[in-house]
Each structure stands twice: as structure tokens, then as C-alpha cells.
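This report describes selected features of one structure for readers at the bench. Please consult the sequence and the coordinates alongside the text.

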Amino acid sequence: MIESRYASCMWSYRHEHFTVHQLPALRDNFIYLIEAYASDALVAVDPAEAVSVRRACKLLGKPLTHIINTHHHWDHTDGNTELKKNFNCRIFAYQQDASRIPGIDIKVSAATPPVIDGLHISVVEVPGHTSGHIAYVIDDALFCGDTLFGAGCGRLFEGTPAQMWQSLNKLAALPAQTKVYCAHEYTLPNLAFARVVDPDNSELDQRVVTDRQKREADEPTIPSTIGMEKATNPFLRPMNQRFCEAYAGERGIAHDALTVFTDIRLKKDHF
Ligand code: ZN
Ligand code: FE
């Protein structure tokens, strides 16, 4: 699946109607470029900065046509204004967060998703990390920003545990083979925490081996899949009742999923 015909600092994944190009940026961010097959659309997801996007556009020989943002944090929006100046591209972001998104042109929501020729995009509203966080689903690709990570989830800066739990449930309801294109490479440290919370999970043990090998080879652990996250992500594991009972028993807390999720989220903040 990983193609090497581009610069080594860019990984590319083919889907049926588009290719996703993954660009490492800043210290541990990923910027994605979605290249449609049936149109000229070249869409940047969460451009943390402009320079790596410009370089990738040059490699692809195409101008950037659109930007879609998942939330307002600077490490997801800092490239907006400069790229708009460079390419005159259109910027889409959540209507509720319009005042916090630099250069926004078109306000979107679950009811009014971005309309871009050649791509079928839907929006999932996933408050928790921020109050106005959204995710984009394009066929079998999920762009979830800082809501769901490899073996982790975003910190609760503006939302409640209950909101985040509901948001994660929306993402977990996507088909198991859905590729998870999240915005940070945090997987290995997240897995270290996951093992403490979920010590008797053989799929988790296997993932640690596989993802370590990827990092040693300087490859990203992302994308993962919804199926992989449901099996190994400690923030999705409370969807499994047996896990909840075991975890809650050990911690002496109620074994309902939200209580267990909340406890795990708090524990991670101090890990
Ligand atoms: Zn963020
Ligand atoms: Fe971020």
C-alpha cells in the first residue's frame, strides 16, 4: 500500500476514488492531501504549516484547491492563510467554529458537508477535544484530527468526558476496515499506556510489536483502522462489557462504560 515513487517524506495510500498523501509536519503532526481521480480536487486536511504542502503540490504537479479543517488549534490551521494566498484555495470548517478558523470561506456541519467535485464527503460532529471539533469521512477514509489517535484519543480541552465518549462512539460505528487518518504520530507512547490499562489483550501485544517495527523503519503507524482501534485502543475498549467489568473491578468503580472511559481518560492525563 505504501508507494515510494514520491519523496521519502511523503506516504501515499490508494483508495477507490482518491489517493491520500501523508505529510509529516512540525514535530509529530500529519497533514493529509487528498487527490481525487475524477476531478482536479487536491484537498489539504489540517495544514499545520504551508511549506510542506507547497512542496507536495509541486511533486504532484497540481495546485491546492481546498482546505478542510477539523478544529481550530494552531497546529491544524496555521497553514490556512498562507496557502490561500499561494493557491487561492477554498477553506471549509465547522460553522460553530467559524470565528476561530483563519481564512474560512465556507461553513460546514453534519447537515451541510463540504461539496467538492470528485469526492463524497460527510461530516461527523465530534466535540470533546474542542467544542467545535468535526471529523470528515470520505468513502472508507476517516480524517479525525485530534479526536481519535492510534491507541489514544485527544485531551479534553473544551469538552466533557460524556461528549467525548459519545463522539468516539460515532467514529467506532464506522465500518471496521475504515482507515483512520489522525493528525498526530502518538501511537507508541499511547500503546505503553494501553498496556497498563489493558494487560491481557493479545491483539494489543501484537500491535505493539508491529507498530514498533514501523517506527524503527521510520514509517508511520498511521493510518490504522477502526477495527484495530476497537480491539486495542484503551479509549474504545469500554465499548466491550467484559473489559469494563474487569477494569472497574480492579479500580473499585462502577462498571458502566462512561465511568470506565472517564477514569481511563483521567489516568492518561497523569501517566
Ligand atoms: Zn488539537
Ligand atoms: Fe493537534
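The sections below treat the metal site, the helix contacts and two points of the backbone in a predicted model.

## The zinc ion

The zinc ion (ligand 1) takes its protein donors from His-71 (NE2), His-73 (ND1), His-129 (NE2) and Asp-146 (OD), at distances of 2.1 to 2.3 Å. Along the sequence these donor residues follow the spacing H-x1-H-x55-H-x16-D. The pair His-71 and Asp-146 links distant parts of the chain, 75 residues apart. His-71 belongs to the loop between strand E5 (66–68) and helix H2 (74–77), whereas Asp-146 lies in the loop between strand E10 (141–145) and strand E11 (148–149).

The arrangement of the four donor atoms around the zinc ion is irregular, because the angles they subtend run from 85 to 171 degrees. A tetrahedral assignment would need all angles to lie between 85 and 135 degrees.

## The iron ion and the bridge

The iron ion (ligand 2) is coordinated by Asp-75 (OD), His-76 (NE2), Asp-146 (OD) and His-184 (NE2), again at 2.1 to 2.3 Å. The spacing of these donors along the chain is D-H-x69-D-x37-H. Here, too, the site links distant parts of the chain: Asp-75 sits in helix H2 and His-184 in the loop between strand E13 (179–182) and H5, with the two positions 109 residues apart in numbering. The angles subtended by the four donor atoms around the iron ion span 84 to 164 degrees, which makes this arrangement irregular.

Which residue bridges the iron ion and the zinc ion? The bridging residue is Asp-146, and the two ions lie 3.2 Å apart. Asp-146 accordingly appears among the donors of the zinc ion and among those of the iron ion.

## Contact of helices H5 and H6

Helix H5 (residues 187–197) packs against helix H6 (residues 202–216) at an angle of about 160 degrees, and their axes are 10 Å apart. The angle makes H5 roughly antiparallel to H6, as it is over the limit of 145 degrees. The crossing of the two helices is left-handed.

On the H5 side, the contact involves Thr-187, Leu-188, Leu-191, Ala-194 and Arg-195. These meet Leu-204, Asp-205, Arg-207, Val-208, Asp-211, Arg-212 and Arg-215 of H6. Sorted by class, the contact has five nonpolar, one polar and six charged residues.

## Contact of helices H1 and H3

The axes of helix H1 (residues 51–60) and helix H3 (residues 80–87) cross at roughly 35 degrees and come within 10 Å. H1 contributes Val-53, Arg-54 and Cys-57, while H3 contributes Glu-82, Leu-83, Asn-86 and Phe-87. By class, this contact has four nonpolar, one polar and two charged residues.

## Contact of helices H8 and H9

Helix H8 (residues 241–251) and helix H9 (residues 257–269) pack with their axes 10 Å apart and at an angle of about 60 degrees. This angle makes H8 oblique to H9. H8 passes H9 in a left-handed crossing.

The residues of H8 in this contact are Phe-243, Cys-244, Tyr-247, Ala-248 and Arg-251. Their partners in H9 are Ala-257, Val-260, Asp-263, Ile-264 and Lys-267. The contact of H8 with H9 has seven nonpolar and three charged residues, and no polar ones.

## Backbone features

Ile-222 and Pro-223 are joined by a cis peptide bond, with omega about 10 degrees. Pro-223 is placed in the loop between H6 and strand E14 (224–225).

Leu-26 has a phi near 50 degrees, a positive value in a residue other than glycine. Leu-26 lies in the loop between strand E2 (18–25) and strand E3 (29–36).

Notes
Residues are numbered from 1 along each chain as its sequence is written. Chains are lettered from A and ligands numbered from 1 in the order in which they are written. This is a predicted model: local features need pLDDT of at least 70, side-chain atom pairs count only at pLDDT 80 or more; totals for chains, interfaces and linings use all residues. Side-chain values use heavy atoms; hydrogens and water are left out. Axes are lines fitted to C-alpha atoms, for helices over the stretch in contact, and angles run from 0 to 180 degrees between N-to-C directions. Helices (H or I, at least four residues) and strands (E, at least two) are DSSP runs, numbered from the N terminus. Angles under 35 degrees count as roughly parallel, over 145 as roughly antiparallel, 65 to 115 as roughly perpendicular and the rest as oblique. A crossing is left-handed if the near helix is turned anticlockwise from the far one by less than a right angle, and right-handed if clockwise. Contact means heavy atoms within 4.5 Å. Ala, Val, Leu, Ile, Met, Phe, Trp, Tyr, Cys and Pro count as nonpolar, Asp, Glu, Lys and Arg as charged, and the others, Gly among them, as polar. Donors are N, O and S atoms within 2.8 Å of the metal (3.2 Å for Na, K and Ca); water is not among the atoms, so sites may look incomplete. Four donors count as tetrahedral if all angles lie between 85 and 135 degrees; four count as square planar and six as octahedral if opposite donors are over 155 degrees apart and all others between 65 and 115; anything else is irregular.
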